[in-house]
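Here is a short note for a colleague who is meeting this structure for the first time. Please keep the model open while reading the points below.

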Amino acid sequence: MSLTTTKWTVEDYHQMINAGILEGRHVELINGEIVEMSPEGSPHANKSTRAGEYLIRLLSNQAQVRSSKPITLSDNSEPEPDLAIVQRLEEEYDRHHPYPENIFWLIEYSNTSLAKDLETKTQVYARARITEYWVVNLKENKLIVFRDPINDQYQFQQELTDGNVTPLSFSNVAISVSKILG
């Protein structure tokens, strides 16, 4: 016997949120499935918060840094990355979460969710043509930079433990890897 599962759209997901069905649940929509999010440990919460504050200071008025807020990628994915560096669209975000064309790059801090962030989310973000995606591997204290999405894969991957990295969208900004690693 095979099981047929229902895939949810972003519209379905928003209706469930508005109806209170998902109240108190820490979930996100990935590939049409409502997925429980891993709880944040202290290092995850502290390091992502400090990195977000650093990026806010560094990017000042060039971009908005959103911490653990939804982004809408398609009709079937609305993940909540740890940090989303997006265009400053002010009141427009009252009407919708950032879309792929509004996103400069995304950062996920990962310990227990490392497989999901390196596999599933990498594919989701590449398919949405997010030009740059960073994963902070908390287990090995390294930054993994993904760039150049084609289909559902990134063509470029680099691992860093020190030095600086320049995001594609801000060629004039050098970001300290140690500040991102915390």
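1. A definition comes before the details. Helices are DSSP runs of H or I with at least four residues, strands are runs of E with at least two, and both are numbered from the N terminus. Please also bear in mind that this is a predicted model.

2. Start with the end of helix α2. Serine 60 follows α2, and its phi is positive, near 35°. Most residues other than glycine have a negative phi. The value at serine 60 therefore deserves a look, given the general rule.

3. Now the helix itself. How far apart are the end C-alpha atoms of α2? They are 26 Å apart. The 18 residues of α2 should span 26 Å at 1.5 Å a residue, so the two values agree.

4. Which residues of α2 are buried? They are His44, Lys47, Ser48, Ala51, Gly52, Tyr54, Leu55 and Leu59. Seen down the axis of α2, these buried residues fall within an arc of 165°, so they line one face of the helix. Ser42 and Arg57 are exposed, and they sit on the face of α2 turned away from its buried side.

5. What covers the buried residues of α2? The cover includes four strands by name: β3 (64-67), β4 (83-86), β5 and β10 (175-176). Helix α4 (177-181) is also part of the cover.

6. Next, the largest pocket. Its volume is about 310 Å³. The lining has 21 residues, and Ser38, Glu40, His44, Tyr109 and Ser113 lie nearest the centre. His44 also appears among the buried residues of α2. By class, the lining holds five nonpolar, eight polar and eight charged residues.

7. Which elements supply at least two residues each to that lining? They are α2 (42-59), β5 (103-110) and α3 (114-127). Of the elements, α3 gives the most, with three residues.

8. The second largest pocket holds about 150 Å³ of space. Its lining consists of Tyr13, Ile17, Gly20, Leu22, Glu23, Gly24, Arg25, His26, Val27 and Glu80. These divide into four nonpolar, three polar and three charged residues.

9. Valine 27 belongs to the lining of the second largest pocket and lies in strand β1 (residues 27-30). Is valine 27 buried or exposed? Valine 27 has a relative accessible area of 7%, and is buried because the cut-off is under 20%.

10. Which residues touch valine 27, leaving aside its neighbours within four places in sequence? The contacts are Tyr13, Leu22, Ile34, Val35, Glu36, Met37 and Glu80. Tyr13, Leu22 and Glu80 are also named in the lining of the second largest pocket. Threonine 161 is 134 residues from valine 27 along the chain, and their C-alpha atoms are separated by 31 Å.

11. Two further backbone angles are worth checking. Arginine 129 has a positive phi, near 65°, and is not a glycine. Arginine 129 lies in the loop between α3 and β6 (132-137). Its relative accessibility is 63%, so arginine 129 counts as exposed.

12. Asparagine 141 is not a glycine either, and its phi is positive at about 50°. Where does asparagine 141 lie? Asparagine 141 is in the loop between β6 and β7 (142-150). With 37% relative accessibility, asparagine 141 counts as partly exposed.

Terms used. Residues numbered from 1 in each chain as written. Predicted model: local features only at pLDDT ≥ 70, side-chain atom pairs only at ≥ 80, totals over all residues. Heavy atoms only, no water. 1 Å grid on protein atoms, 1.4 Å probe; cavity = no way out; pocket = protein on both sides within 12 Å on 5 of 7 lines; lining within 4 Å. Points joined across faces, edges and corners; volume = space filled by probe spheres on them. Nonpolar A, V, L, I, M, F, W, Y, C, P; charged D, E, K, R; others polar. Expected span 1.5 Å × (residues − 1). Buried < 20%, exposed > 50% of the residue type's maximum accessible area, 1.4 Å probe, protein only. Arc of directions from axis to C-beta. Contact = heavy atoms within 4.5 Å.
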